[in-house]
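Trainee: Please give me a close look at one part of this model, the place where a few helices pack together, and go slowly through the terms.

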Amino acid sequence: MRFRKILVVGLDGLEPSILERLMDAGELPNFAHLREVGCFTRVATTTPAQTPVAWSTFSTGLNPGGHGIFDFIRRDPRTYLPDLGLNRHEQKNPFVPPRAVNSRRGEPVWSILSAAGVPSTILRCPCSYPPDPLRGRMLAGMGVPDIRGGLGTSTFATADSRVVPGESENLIRLRVDSDRVVRSHLIGPRNPRDRSDIRFEFELHPGSQPDSAILRSAATPGELNLRVGHWSPWLKVTFKIGLLQSARGMVRVYLRRYNPERDEVELLVSPVNFDPAAPLFPISSPGEYARELENAVETYFTTGMVEDHAGLSNGRLTEAAFLDQCAQVWDEREAMMLHELDRFEEGLFFCLFDTSDRVQHMFWRYLEPDHPANRDHPVDPSLHSAVDDQYRRADAVVGRAHEFVDDQTLLLVLSDHGFNSFRRGVDLNAWLHQQGLLALRPDIKPGESAGDLLQGVDWSRTSAYALGLGGIYLNLKGREAQGIVEPEEADNLSAWIARGLAGLPDPEQGGAIAVRRVSPRAEIYHGPFAMESPDLVVQFNAGYRVGWSTSLGGIAARVFEDNTKLWAGDHIIDPRLVPGALFSHHPLYLGGSGRGPGLVDLAPTILAGLGVPVPPAMEGSPLR
Amino acid sequence: MMKILILGLDCAAPEILLEDERLVNIRRLMSAGCYGSLESVIPPITVPAWMCMSTSQDPGSLGVYGFRNRTDHSYGGLGIVNSRSIQELAIWDQVAREGGKSVLIGVPPGYPPRKVNGIAVGCFLTPDTTKDSYTSPPTVAHEIERLVGEYPVDVKGFRTDDKSWLRDQIVAMSRKQFTVVRHYLQNFDWSYFHFVEIGLDRIHHGFWSHHDPTHVQHDPNSPFKNVVRDYYLHLDDEIGRTLELLSDDTVVLVVSDHGARKLDGGFCVNEWLVQQGLLTLNRYPEQVTPFAKLDVDWSQTSVWSEGGYYARVFLNVKGREPQGVIEPADYERFRDEVKARLEATTDPEGCPLGTLVFKPEEIYRQVRNVAPDLIVHFGALAWRSIGGVGYPTVHVQENDTGPDDCNHAQHGAFILAAPESPLSGRIEGARLLDIAPTLLDLGGYDIPTTMQGRSLAASSNQSALGPHFGRGFTARGEALVRDRLSGLGYIG
């Protein structure tokens, strides 16, 4: 069947079993309608089941070996340092700006469509930074950094001298001057000359009402009204970099406490987002589209991961304030979608809503009263429906999109992976250390003293190490800087690790199986970039995940630990346990591939549906 | 040895090039290196200024005082300069002595194409690129034409009133030239690369009155009022795309040979000389007539002049010129008198113009070939020199060679950046003759002792540059890794 328009509404992390429960309860009328008139199916996600990996397979029709995104985190074998796996910034020489380079390779479906003369509108697809040139419009999503080049670092400013910095946050000490005015600053980009932080000064004056304050600065607006317990509107700031250059950014401010008489002033400042009117690096294609969109739908968050889970985890935000921010993101994304659907004539339309993923990470504990996270964190009865509410929001979005469907339109609603519980962490480096595969330098013991970033490792006696969200790397001679594993031994060592780790029992949980499988690279990846993947990928059982310490190169004292963090749900487990969901308002024939439908089939489905030949390199098959 | 790249922007004005914040690539380069205004030579004219820069020799030492120079002491002739007029040791010669190859594109005078160890592409003095050989070796022309089709070295007839045609022609020329530049940057093994973009000079001359609100002919509603600024944005974009092709071992110089300034009008120098009784005509023309076509009574003439952006004033000296009238013994006294009278010239209201008058031997280390007796900048170049007679006033608004909006300013601009360069920030007092020794110095070459300028790096006591802008986004290191991954969530 040929269509003039294909609309894909991406809903990150919607779990099929929750969809079923709520549809059956009559809570999701729009999803249920699609299930009834079209189709609803589970859709195989990628290995690993991570947002950037999964959406890259969606967009390219290739397994990760074909597009090169294997994990949020990659590592540099020359330094053993981790880095963000989605993109990098490179600078060819000192005279040109650094340039963002997408780590997603392969040819995305919108490029193939563009070459065939078919336009696309792509909003916030992960791993679309820097944005691809295309016929149509693209706003980049996950991967767009904040102004410091990271995924997003908030700043907590407090007059309380006892506060220490939490995870992923900058801390600023405030002082209330005798005139009740607080004089402080925002933290901007690093100064290129000396790496110091470039600042933007502001003053906080008492507002017209108690519990309110006015932020005065050279920003726009010059006076920003703040109210305790509320997020402010956008504040647009220009950071001067030396005499010659400047960088524009913008923040929203959450006033947490304000009582200057008693020296109680606390505020949380969002990461400095690129200003869509003048981003430090291009975030849209064509470049001016980001500004046009701002003019059409008001200013919006530009960083790739917006919702401030760290602010929640650090106790700076209440759960309600976090959900407030999540609602803002839903609203602005929905406004973008409607604005673009309203003028969308033909081709491929894609819009991703990823707030559903973040809320499930942070509120999964409400679905499981006995979750370890609930031990340290009080439960607010009014938030029991926080996760279900995300599905209801998603349902409303599907309903809005459905209004734009006509008889030449195919509507697809897709989640990239499901969701599950994260109750127990498995520290892979601790396990490798116990097995004698990872050695620490003298005087360093697993645990605190080993630090992170693999700092404590004695590479001359280490043959394997874990980094990222489930990957294990061999310390391979000729590839790693201080490799000791001879290339001809690599396969045997990989097989040995896979056998030893698969079926790993959790002694504190009655011998429950924590690791279902361990897949050597050759079993799961093929294609031109497969050699960039971890040598082994660990497939955890439901309820387990890689431990917090391993992901950034720590070596914990124990292999197993309870996950007591608010981040209590996750999906980076055996992908067979967390398939995504696919809805269509049209019946789809799902048996073409001889296996169940997978994310890899979506790009061929889109091409076939728009009458564009599917390139032979694509691995999936059209779902017709 | 470092590679050396010069992107020459003929006529680029420091007040725009160094001040417009929208020129992001220029500003990044400024931030990575040093910059400032650059004192040009006298006269600040494309020929000889680019060759003065390349050789670090003043115009007198080159024996080239402008596009046209007297070839002997007759009244007849001015010869037009070509590439063979100047053979002094240039940077590319010094590079060739070390075995390095050079690419010269549009470096004036660049016709006939200069024989270099490498590639030379002719400048705007090339009569016709469809007929004349304008490259060395000649096969380069075929490669260029495969790349961009017909290759323009100038906009023919740029003194025109058809402004939108002019703008489009200049931009199209510039795009083609930058395409060629980028091609050879990537596909030729060069040590020295020197490009001169002439389009900016043409834009200034064609559109300065539309750009400059203080220009006497400025129309605030002109549809062309942004053409000058937009052209700088165009150049910034082209330069940004060019810089991307460089490796880390390159010294980069963006430079102009002179600046630009508004023209208040034309000063009819020969008309003035007639009025002063220093120039006698057998017949005053009925219409405006170029000097070469005037019927001059040489036996009654003691002074005449050539026009242009500045005036070259000649004395009719007995025993030197065929019908000389000034006694050689009286030469200096008489020249001083003429100089004083020129310096006292006024505008139409009688206010002094502030005219600058130079004696060649006082401003040049050597005075070779046939120099003017006096070099005159009317109103310090606020007024152009009009050579024709028949206006019959001294001050005019029209120009005898076609519409022109601006004159050259004494100061151009430079931006110089190199990895590990000790030079950073704004530098005061840099001179055009300092460029060649500075580039050779930063490039690791010997500086010929004949060069008249000094290396800016030699006099610098600034410390080495820190990390350049943007490295914060690219450099590795643990703190940056933490910055990058901060906020990922999954890693706790």
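Mentor: Before turning to the helices, note that the count of disulfides over all chains is zero, where a disulfide is a pair of cysteine sulfur atoms within 2.5 Å. This is a predicted model, in which local features need pLDDT of at least 70 and side-chain atom pairs count only at pLDDT 80 or more, while totals for chains, interfaces and linings use all residues. Residues are numbered from 1 along each chain as its sequence is written, chains are lettered from A and ligands numbered from 1 in the order in which they are written, and side-chain values use heavy atoms, with hydrogens and water left out.

Now to the helices, which are DSSP runs (H or I, at least four residues; strands are E, at least two), numbered from the N terminus. Two packed helices are described by the angle between their axes and the distance between the axes; the axes are lines fitted to C-alpha atoms, for helices over the stretch in contact, and angles run from 0 to 180 degrees between N-to-C directions.

Helix α2 (residues 29-37) of chain A packs against helix α11 (residues 386-402) of chain A at an angle of about 60 degrees, with the axes 7 Å apart. That angle makes α2(A) oblique to α11(A), since under 35 degrees counts as roughly parallel, over 145 as roughly antiparallel, 65 to 115 as roughly perpendicular and the rest as oblique. Among the residues in contact (heavy atoms within 4.5 Å) are A:Phe31 and A:Leu34 in α2(A), and A:Tyr391 and A:Val398 in α11(A).

Helix α11(A) also packs with α8(A), at an angle of about 10 degrees and with axes 11 Å apart, and these two are therefore roughly parallel to each other. Here A:Trp330 and A:Met337 are among the α8(A) residues that meet α11(A), whose side includes A:Val397 and A:Ala401.

A:Met337 also touches A:Val9, A:Leu123 and A:Phe349, among others, not counting residues up to four places away in sequence. Both A:Met337 and A:Phe31 are among the residues with the most contacts inside the largest nonpolar core, which has 157 residues; such a core is a set of buried Ala, Val, Leu, Ile, Met, Phe, Trp, Tyr and Cys residues joined through side-chain atoms within 4.5 Å, buried being under 20% relative accessible area, exposed over 50% and partly exposed in between (1.4 Å probe, protein chains only). The largest share of this core, eight residues, comes from helix α8 (residues 319-342) of chain A.
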